[in-house]
Amino acid sequence: SSDATADAGMRIAELASKVALIEDTARLATSGYDAVYPYLLRYVTTEGCTFEMIRQQGVPCGRTLFYELRRKFYYLMAKKI
């Protein structure tokens with residue numbers, strides 16, 4: 001059972017590291033547009049999320065800027081992995 005506990009602990013640490021990577025990359029991508037950060041984070045972590053869904057939640061920017069920041073996020077993420 002100690003192996004199962006160690007495996008679970010390692011898995012939790014791995015997931016925490018991945019979450020931190022995504023959050024840090026989203027912060028970096030939205031640098032200068034801090035109010036957009038939670039919306040971008042929600043967008044990239046929610047399967048099937050669309051800009052319309054984010055717009056209805058009150059994103060404080062237009063589609064063009066949001067997509068520019070989204071592209072920047074994916075570019076930065078690709079460089080990190």
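## A tour of the core and the α2/α4 contact

Start with the largest nonpolar core of this predicted model. It has 18 residues, and those touching the most other members are Ala-26, Val-36, Leu-40, Ile-54, Val-59, Phe-66 and Phe-73, so pick these out by number. Now colour by element: α1 (2-29), α2, α3 (51-56) and α4 each give two or more residues to this core.

Next, centre on Ile-54. Skip its neighbours within four places in sequence, and you'll find it in contact with Tyr-39, Arg-42, Tyr-43, Cys-49, Val-59 and Phe-66.

Then show just α2 (residues 37-45) and α4 (residues 63-80). Their axes come within 11 Å and cross at roughly 60°, and the crossing is right-handed. Turn on side chains here: α2 brings Tyr-39, Leu-40, Tyr-43 and Val-44, while α4 brings Phe-66, Tyr-67, Leu-69, Arg-70, Phe-73 and Tyr-74. By type, that contact splits into nine nonpolar residues, one charged and no polar.

Rings come next. With ring centres within 6.5 Å as the cut-off, there are five aromatic pairs. Take Phe-66 and Tyr-67: the centres are 6.4 Å apart and the planes sit at 55°, so this pair is tilted. Phe-66 is buried at 0% relative accessible area, whereas Tyr-67 is partly exposed at 22%.

Move along α4 to Phe-73 and Tyr-74. Here the ring centres are 5.2 Å apart with planes at 75°, so the pair counts as edge-to-face. Phe-73 is buried at 3% relative accessibility; Tyr-74, at 44%, is partly exposed.

Last stop: which residues join Phe-66 in one aromatic cluster? Select Tyr-43, Phe-51 and Tyr-67 alongside Phe-66 to see it.

Key. Residues numbered from 1 in each chain as written. Predicted model: local features only at pLDDT ≥ 70, side-chain atom pairs only at ≥ 80, totals over all residues. Heavy atoms only, no water. Axes fitted to C-alpha atoms, helices over the stretch in contact; angles between N-to-C directions. Helix = DSSP H or I, 4+ residues; strand = E, 2+ residues; numbered from the N terminus. Left-handed = near helix turned anticlockwise from the far one by under 90°. Contact = heavy atoms within 4.5 Å. Nonpolar A, V, L, I, M, F, W, Y, C, P; charged D, E, K, R; others polar. Core = buried A, V, L, I, M, F, W, Y, C linked by side-chain atoms within 4.5 Å. Buried < 20%, exposed > 50% of the residue type's maximum accessible area, 1.4 Å probe, protein only. Phe/Tyr/Trp six-rings, centres within 6.5 Å; stacked < 30°, edge-to-face > 60°.
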